[in-house]
Amino acid sequence: MTAPTPTKAAPAVPASRPAATAARQGGRDGRGDGGSDGRRPVLLAVQNLWKIYARHHRRIDVRDPEAVARAESQGAVVAVRDATLRVRRGEIFVVMGLSGSGKSTLVRCLLRLVEPTAGRILVDGEDVTAMDARQLTAFRRHKVAMVFQHYGLLPHRTVLENVAFGLRLRGEPRRVQLERARAALARVGLEKWADRHPAALSGGMRQRVGIARALARDADLLLMDEPFSGLDPLIRRELQDELLRLQAELHKTIVFITHDLQEALRLGDRLAIMRAGRIVQVGRPREIIQHPADDYVRRFVRDVREAAALAGGTLRAAALEPVGAEGGSGLVP
Ligand SMILES: Nc1ncnc2c1ncn2[C@@H]1O[C@H](COP(=O)(O)OP(=O)(O)O)[C@@H](O)[C@H]1O
Ligand SMILES: [Mg+2]
């Protein structure tokens, strides 16, 4: 349980992330929601997505506010409320919000692990909401990979088998399974642990295995639901660095969920802030810090500013640079 984390995997990473960002296509240019990224294709589009936890939720007419209110008064929980967002290829898109704000529901809807009540989800132009069971299985096996907070490793299989598992499910030849699994483990610095079982690994290492497992599948879209939230702060930071390093090499499209604004600012090319099921603001970190859309966001930002002041004011200095005239508030229209 107390196996040391490999030191090799902790690269020298700057306090903010200009290096990692510059390695990415174009980096930040201080522009708004579109900016230079506007030329990159949209991989994931979520359109007016709703999820109401209730029996017969599909019968609720979400366009009728009274019908929604009535359902709520009868105990239904509106976990995602009319969410619209677009994630471009190659970006880390962070969804941030307090516990209970609907983040997990939103990300699970993307795979239909939770059935949406209304709205559309398009991945690479394919309508996930319209898929039948067979198409959905193929979609889950090939197009997306998910990393969970609680790792979800199979305890009786070796680290290597865990990483290869998704490839096995989709019927890749054994040789390909093992080759890719080994390569993915090497990427996260765990090749020496291939034949061990998850129980021999620390939390941080297990989550590296979770990441390797997702990478091995070579999916377009990576969904990460609070993957680092259970880890100690130092390990957590190490894994954030690791993710940025991997992203600079691999240019995945990542939807990263967190309740921690600092983590969000550190990792996100863009952030969506959720409150009570709604997306209340979308923007680049600097836009959100400079132009919080409402008091809810302002409170989050104030905490981060105070932490930065305590830490000597170095935290994400870049995020506090002036925004150009074209910056905009990043508010969802
Ligand atoms: N299976 C469920 N049935 C009923 N309510 C649920 C279910 N899952 C989540 N919820 C409720 O939906 C809301 C959003 O939850 P969740 O998506 O887990 O938020 P987060 O991930 O931001 O903490 C919460 O009020 C939660 O209690
Ligand atoms: Mg959650």
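**Note on the predicted chain and its ligand shell**

1. Among contacts in the chain between residues at least 6 apart in sequence, 74% join residues at least 24 apart. This is a predicted model, and the points below should be read with that in mind.

2. As for overall composition, the chain holds 11 helices and 10 strands, and of its 333 residues 42% are buried.

3. One open sheet deserves a description of its own: four strands are arranged in the order E2-E1-E4-E5, and their pairing is antiparallel. The edges are formed by strand E2, residues 77-88, and strand E5, residues 126-127, each of which pairs on one side only. Helix H3, residues 103-111, packs on this sheet, where H3 touches strand E1 (42-53) as well as E2 and E4, and the direction of H3 makes about 65° with that of E2.

4. At the E5 edge of the sheet, strand E4, which covers residues 118-123, pairs with E5 in the antiparallel sense over two bridges. Within this part of the model, Val123 stands opposite Glu126, the latter being in E5. In general terms, the strands of a sheet pair through backbone hydrogen bonds, and they do so in either a parallel or an antiparallel manner.

5. The surroundings of ligand 1 are made up of Tyr53, Val77, Ala79, Gly97, Ser99, Gly100, Ser101, Gly102, Lys103, Ser104 and Thr105. The elements that give two or more residues to this shell are E2 and H3, and the largest share, three residues, comes from H3. The helix that packs on the sheet is thus also a contributor to the shell around ligand 1, and the edge strand E2 is likewise among the elements that give two or more residues to that shell.

6. Sorted by class, the shell around ligand 1 has seven polar residues, three nonpolar residues and one charged residue.

7. Turning to a helix pair, H5 (residues 159-169) and H7 (residues 203-216) pack at an angle of about 35°, their axes lying 8 Å apart, and the crossing of H5 and H7 is right-handed. On the H5 side the contact involves Val159, Asn162, Val163, Ala164, Phe165, Gly166 and Leu167, which meet Val209, Ala212, Arg213 and Ala216 of H7. By class, the contact of H5 with H7 has eight nonpolar residues, two polar residues and one charged residue.

Methods:
Residues are numbered from 1 along each chain as its sequence is written. Chains are lettered from A and ligands numbered from 1 in the order in which they are written. This is a predicted model: local features need pLDDT of at least 70, side-chain atom pairs count only at pLDDT 80 or more; totals for chains, interfaces and linings use all residues. Two strands pair if DSSP finds at least two bridges between them. Two residues are in contact if their C-beta atoms, placed from the backbone, lie within 7 Å. Axes are lines fitted to C-alpha atoms, for helices over the stretch in contact, and angles run from 0 to 180 degrees between N-to-C directions. A residue is near a molecule or strand if its C-beta atom, placed from the backbone, lies within 6 Å of it. Ala, Val, Leu, Ile, Met, Phe, Trp, Tyr, Cys and Pro count as nonpolar, Asp, Glu, Lys and Arg as charged, and the others, Gly among them, as polar. A residue is buried if 20 or more other C-beta atoms lie within 10 Å of its own, exposed if 12 or fewer, and partly exposed in between; C-beta atoms are placed from the backbone. A crossing is left-handed if the near helix is turned anticlockwise from the far one by less than a right angle, and right-handed if clockwise.
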